[in-house]
Amino acid sequence: ARGRYGVGAIATKDVAPNDVLVDVPFSAVLCRESLTNDAVVGSAKSEFFTLLYAEIDNRHSRHNRHAGAGGTPTSADETVVLATALLLERADGDASPWSSWIATLPPRAGSPLSFSDVVVAAVPNGVATLRTDVLRSRVLVKKHHDYIRRFLSLAYRISKRNQGAFTNSAVYQSLRSIAEDSSSARTAWTWATEMVHSRAWSVLGKKYFTPLADAFNFAPHPDQFLPDYAYQTRGDIFVKSHQITTTGVVVKADRRAKKDGEVFETYGDNPNLIYFQYHGFVPEQNPSNCHHVQVASRVGYPSPLSFEQSESKLTLLKLLKVPRGGYYCLPAATTVLPRGLQGFEPWYVDVLYIDSMQEGTAAAKASAWEHLPEMPKVPFWRDGNHQKDTLVVVRGRSARLAMAALDGVVGAFSSDGGRALQDAATAATSSDGSTDNDDDNGEDDVGSSSGGSSGVPVDARDAAMILQYMEAQRVLLESWRKYAPPVHTEL
C-alpha cells in the first residue's frame, strides 16, 4: 500500500512490539539455504550455486586461517550471489516461484549506482569520502560482474567433468546472458545489485532476500533517540526483530503501530552515508548519523605515562569515542556522558593533558589550563572542576575536527559541482513543491532518466538527494561549534 514514503506496509490491526509481522520459510527466500536445495530451485541452479558458494568459502578459508570450515564470506560475496539469483529468476518469468514478487520491484533504487554520469561528475569534493565512495561503488559493481563471468567458465568445466545437470541446462544459457560483457547485461547487473543493497537484509554476515520483509520503510527506533542509548553491537534492535529460525526468517515489530497506520522499522545504527549509498534515500531523522573525519595518528607518540596509565587512558578515550588516528565517524555533539566513566580517578586530567601536548612539558600543560575558562563547561563527573574540564578538552578536539570538516561541506555547496546540483535539483522542487525522501521501498514512481509518473527527471531527484545528504552533514557538524576551544589547545 502507499505509505508516507511511497510503497510501504500498512497495519490491518493494532501492532505491539514483538508481534510477528512476517514469517517466511526458506523455500520462499533467496538465500544460501534455498539456492543450494534441489527441491526449491532445481538441480541445475542448485549445482551452480553450490559450486559458487564452495568457491567463495574456499577462497576465504585460504585467506583466513582462523575462519574454520567454510571460511568467512563477505557481504560483497553475498551480494554477488543474490544479484545472480535475482537475475536468473527474472529470466524465468512466470515460471519462477518469485515472479509475483519480482514484478513489484522498482526499476531503480535511486542509489549512486544508478546515477547518471552527469550527476556523478557533479558530486563535489569536500564532503568527507562521499565522492570517493560513489566512484568506488560503481567500480566494484563492474568488478563483481566480471567475476561472475569468469566463474561461469570454471563452473561449466567442473560440471562437465562431473557430468552434472548444469552444463546442458537452460540455466547455463541464462547465466551466459547475465554475465556477458555488454551494456545491457551491465545495466541489468547494476539493477540487481541495487535491489540486493536496498532490500535484502543482513544478519550475522549472511544476506536474506525475503519477499514481504522488504516492504517496511525506515524510521529510527524510539530508543535510538534516548540520551543514554548505546548499542553493544551495531544493529542490536534490528537483529532482535529479524530472526533466523531453523525453518525460515521471521520479522517482528520493533515498535507499536496503530491500525491503518504505516509499520516502520529501524535498519540498524547506521550513518546517513549507508542509506544514501546503498538504499537510495536520506533519512529525515537519524540519531546514528555521523561524519567521517581524518585524524592524525598518535601511535608511538612519546608519553611519560606508565604502561598501566597508558592502558587506562586508552580505555577512557575509547569510552569518550575519541579516535587514536585514521578515519573516525564523528557523531553529533551531545552533552550526555557515555556509560562507564564513573570509576575513573582525577589523575586522568593530567594523563589527558600531558600526553596530548605537542612537547608534553609542564609549561604546555600550564598553558592549556590557563585557557580552560574560555571553553564551554559540559557536565562530566558529579563534582570536581578538573573532571568537568577534562570532557571539555576531549570535546574540544572533536569540535576542531568538526569545524575543519564543516569548511569542506560549506565549500562543496558553493563549488562548481554544488551549484550544478542545485541547478539540477530545481526541477524536483518546481514540479511538486518538495524533494523526495523515499527510502528503498518508495522509488516505484521513478521510471527512467526522463522521469517517472511524478514528472520529476531522475537527475533532478538524484541531485536533490545529494544536496539533502550534504545539508544533513552540515547540520551535524554545526552542532559542534559551541564546543570549539582555542586553536592552540590540543588533545
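Gln-163 lies in the loop between helix H7 and helix H8, in what is a predicted model. Helices are DSSP runs of H or I with at least four residues, strands are runs of E with at least two, and both are numbered from the N terminus. Phi of Gln-163 is near 55°, a positive value in a residue other than glycine. With a relative accessibility of 74%, Gln-163 counts as exposed; the cut-offs are under 20% relative accessible area for buried, over 50% for exposed and partly exposed in between, using a 1.4 Å probe and protein chains only.

A few words on how to read the values. Residues are numbered from 1 along each chain as its sequence is written, and side-chain values use heavy atoms, with hydrogens and water left out. Local features need pLDDT of at least 70 and side-chain atom pairs count only at pLDDT 80 or more, while totals for chains, interfaces and linings use all residues.

Let us turn to other backbone angles. Asp-260 is not a glycine, yet it has a positive phi of about 70°. Its place is in the loop between strand S8 and strand S9 (264-265), and at 60% relative accessibility Asp-260 counts as exposed. Gly-93, just after H4, takes a positive phi of about 60°.

| Residue | Phi | Place |
|---|---|---|
| Gly-93 | about 60° | just after H4 |
| Gln-163 | near 55° | following H7 |

Now to the helices. H7 has 32 residues and reaches 47 Å from its first C-alpha to its last, close to the 46 Å expected at 1.5 Å a residue. The expected span is 1.5 Å times one less than the number of residues. For the 17 residues of helix H4 (residues 75-91), the expected span is 24 Å, and the end C-alpha atoms are 24 Å apart, which agrees. H4 is also mostly covered, with 13 of its 17 residues buried.

H4 matters for the next topic too, the nonpolar interior. A nonpolar core is a set of buried Ala, Val, Leu, Ile, Met, Phe, Trp, Tyr and Cys residues joined through side-chain atoms within 4.5 Å. The largest such core has 45 residues, and those with the most contacts inside it are Leu-35, Phe-48, Leu-52, Leu-86 and Phe-209. At least two residues of this core come from each of H3, H4, helix H5 (99-102), H7, H8 and helix H9 (183-199). H4 gives the largest share, 8 residues.What about the aromatic rings? A search of the whole structure finds 17 aromatic pairs. Rings of Phe, Tyr and Trp (its six-membered ring) pair if their centres lie within 6.5 Å; planes under 30 degrees apart count as stacked, over 60 as edge-to-face and the rest as tilted. The ring centres of Phe-48 and Phe-166 are 5.4 Å apart and the planes stand at 35°, so this pair is tilted. The two rings link distant parts of the chain, 118 residues apart: Phe-48 belongs to helix H3 (residues 43-63), and Phe-166 to the loop between helix H7 (130-161) and helix H8 (170-179). Phe-48 counts as buried at 1% relative accessibility, and Phe-166 counts as buried at 0%. Both rings belong to one aromatic cluster, formed by Phe-48, Phe-49, Tyr-147, Phe-151, Tyr-156, Phe-166 and Tyr-172.

Another ring has a charged neighbour. The charged end of Arg-90 sits over the ring of Trp-191, 4.3 Å from its centre. A charge sits over a ring if NZ of Lys or CZ of Arg is within 6 Å of the ring centre and within 35 degrees of the ring normal.

Back in helix H3, we find Ser-43, which is partly exposed with a relative accessible area of 40%. Ser-43 and Ser-169 are 126 residues apart in sequence, while their C-alpha atoms are 9.7 Å apart in space.

Finally, the strands. Which order do the 3 strands of the open sheet take? The order is S3-S8-S7, with antiparallel pairing. Strand S3 (20-25) and strand S7 (242-244) stand at the edges, each with a single partner strand, so one side of each is left without a neighbour in the sheet. Two strands pair if DSSP finds at least two bridges between them. S3 and S8 pair in the antiparallel sense over 5 bridges, and Val-20 has Lys-252 as its bridge partner in S8. S7 is joined by 3 bridges to strand S8 (residues 248-252), again antiparallel. Here His-242 has Val-251 as its bridge partner, and Ile-244 stands opposite Val-249. S7 and S8 form a hairpin with 3 residues between them. S8 is mostly covered, as 4 of its 5 residues are buried.
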